[in-house]
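Got your viewer open? Load the model below and we'll walk through it stop by stop.

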Amino acid sequence: MSNRKISKILIANRGEIAVRIIRGCRESGITAVAVYSEADVLALHVRFADEAYEIGPAPSRESYLNQEKIIDAAKKSGADAVHPGYGFLAENPEFAQRVQQAGIIFIGPPPEAMRLMGDKTAARQRMLEVGVPVVPGTDEALKDEQEAVAIAQEVGFPVLLKAAAGGGGKGMRVVEEKDGVVSAFRAAKSEAESAFGDGRIYVEKYLKGPRHIEFQILADSHGNVIHLGERECSIQRRHQKIIEEAPSCVLTDDLRQEMGEAAVKAAKACGYENAGTIEFMLDKQNFYFLEMNTRLQVEHPVTEMVTGLDLVKEQIRIAAGEKLPYKQRDIKISGHAIECRIYAEDPRNNFLPSTGRITHLVPAAGPGIRDDNGFCAGSEVSVYYDPLLAKLIAWGRDRKEAIMRMRRALREYQVYGVETSIPFCQMVMQHEGFVSGEFDTHFVEQEFLHRPDLLDCMGELPEKEAAILAATIFHHQNQDRNRPVALEPGSNKKISSWKLIGREQCLGK
Ligand code: MV4
């Protein structure tokens with residue numbers, strides 16, 4: 001494939017990932033074009049971009065998922081390429097195709113690779129053909145209930161019913177015994193039909209306590225494929241990842257090499273290009289292909305921190321037709337990185353989304369800390385979009401140093417106006433199971449959901465900071481000196497003890 005110069009990129013996304021991609025563009029000397037919904041007029045990604053186009057009302061369906069509007073904006077701006085980020089249209093092969101048909105480069109894999117990996121049974125078959133291990137199960141979608149029962153018995157209980165069009169946990173059902181198969185099959189099928197418009201279901205042996213380990217891949221358009229090591233993503237809740245790290249503390253060098261080679265083989269088997277991720281489940285020393293994510297992932301920064309590469313800039317160079325300038329042996333993993341996702345969700349209230357205006361925001365900084373953010377003080381967190389506010393990444397020479405840095409950074413990070421997952425992340429960073437590295441994908445449900453008291457002493461402001469904050473709010477409100485200051489409703493415990501304080505108490509103490 002011939003080289004094509006890229007000098008202007010339209011970012012078909014919002015929030016922290018749009019900001020992240022704009023940063024990569026700017027560092028590459030490339031003009032960044034933002035698109036935004038009516039709700040995002042004042043958003044950070046719009047401010048950081050060189051140009052911006054409005055693409056419709058707040059609901060994603062009418063804006064960030066509106067292919068027509070986005071492609072129009074790309075044409076109007078004269079962009080050479082479109083970067084989809086993650087979510088929205090990132091793994092939609094029709095969108096990639098339409099971008100290409102408009103004569104614009106899609107910064108991502110070929111649509112055919114996306115389509116193959118989007119069909120979980122087709123992906124399983126292809127992996128079997130090339131010798132990448134998959135969990136024992138069916139090669140094709142189940143015809144009917146009778147076949148479901150027969151094959152479940154063949155595979156052996158417990159089994160897991162999965163949607164062929166699924167991924168990310170939707171439409172999955174664990175079945176413990178023969179009697180449960182028929183009803184689980186019907187439930188999974190109807191859930192898959194309404195979620196994906198595709199009710200095909202297949203069976204896998206259910207693994208009880210797997211760890212989730214994924215490999216980052218880079219593939220150029222000249223047939224060169226390498227991996228950048230793994231990320232461990234087992235700390236998640238209802239298929240939403242919360243904490244990720246690289247490297248995994250359970251992989252030996254031999255296993256890492258073996259899984260890395262399998263990941264490269266998987267990417268080659270689907271004709272992959274650009275950045276992608278092969279997800280595996282690790283059950284003791286056995287690993288199994290789970291699925292491939294054909295996009296840049298939320299957690300890509302931990303890989304960047306331990307490899308020194310910038311994945312967005314690599315994506316752009318690959319899309320421009322350049323060759324990977326290094327080989328597998330040139331990739332060195334250095335130190336340890338941990339990412340905490342800062343969601344606008346209330347961990348003290350079943351992770352309920354917390355919306356509203358961010359009134360006050362102080363990100364963490366200092367040695368070894370990176371903050372990939374999409375919001376600032378004054379930003380509105382709306383019900384329309386993903387509640388991810390920022391990603392806090394800590395690097396250390398080893399895991400212990402990364403954990404200590406993360407604890408320190410979480411202690412500095414201040415967000416007011418909305419509740420966040422910061423106290424939850426603090427709790428995990430102090431948790432013996434996390435610190436020792438002994439955890440699996442059930443960590444959150446096992447260690448936390450029955451013990452919300454673990455959060456009681458997390459994320460509280462020391463009194464002096466609460467006092468300064470109260471004084472600041474008082475000053476801004478410019479109210480009667482004798483009137484008490486009321487802090488934001490819904491503030492955490494320690495602050496609520498400062499709920500009613502007069503100016504004299506706030507200042508000078
Ligand atoms: C599994 C599994 C156990 N056995 N498959 C969850 C998301 C979806 N992509 C696949 N998932 C799982 N598939 C078999 N055969 C357990 C999970 C699973 C999981 C996987 C990765 C990360 C977190 C998870 C949480 C619950 C269940």
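Start at the ligand: how far is a nitrogen atom of the ligand from an N or O atom in the side chain of Lys162? Select the two and you'll find 3.0 Å between them, inside the cut-off for a polar contact (a pair of N or O atoms within 3.5 Å). Before you go on, note that this is a predicted model, where local features need pLDDT of at least 70 and side-chain atom pairs pLDDT 80 or more, while totals for chains, interfaces and linings use all residues. Residues are numbered from 1 along each chain as its sequence is written, and side-chain values use heavy atoms, with hydrogens and water left out.

Now add Leu207, where a polar backbone atom sits 2.9 Å from a nitrogen atom of the ligand. Then pick Glu291: one of its polar side-chain atoms is 2.9 Å from a ligand nitrogen. On its own the ligand has 520 Å² of accessible area, and the protein covers 92% of that (Shrake-Rupley method, 1.4 Å probe).

Which elements give two or more residues to the shell around the ligand? Colour strand 6 (159-163), strand 8 (201-205) and strand 13 (286-293); strands here are DSSP runs of E with at least two residues, helices runs of H or I with at least four, numbered from the N terminus.

Next, show the whole shell, 17 residues with a heavy atom within 4 Å of the ligand. Lys162, Glu204, Lys205, Leu207 and Glu291 come nearest. By type, the shell splits into 7 nonpolar, 6 polar and 4 charged residues (Asp, Glu, Lys and Arg count as charged; Ala, Val, Leu, Ile, Met, Phe, Trp, Tyr, Cys and Pro as nonpolar; the others, Gly among them, as polar).

Time for some backbone oddities. Most residues other than glycine have a negative phi, and most peptide bonds are trans. Zoom in on Phe157 to Pro158, though, and the peptide bond is cis, with omega near -5°. Pro158 is in the loop between helix 7 (145-155) and strand 6. Another cis bond joins Ala246 and Pro247, with omega about -5°; look for Pro247 in the loop between strand 11 (240-246) and helix 9 (253-269).

Last stop: Phe88, in the loop between strand 4 (81-83) and helix 4 (93-101). Phi of Phe88 is positive, near 40°.

Methods:
A polar contact is a pair of N or O atoms within 3.5 Å; within protein, one must be able to donate a hydrogen and the other to accept it, and residues adjacent in sequence count only if both atoms are side-chain atoms.
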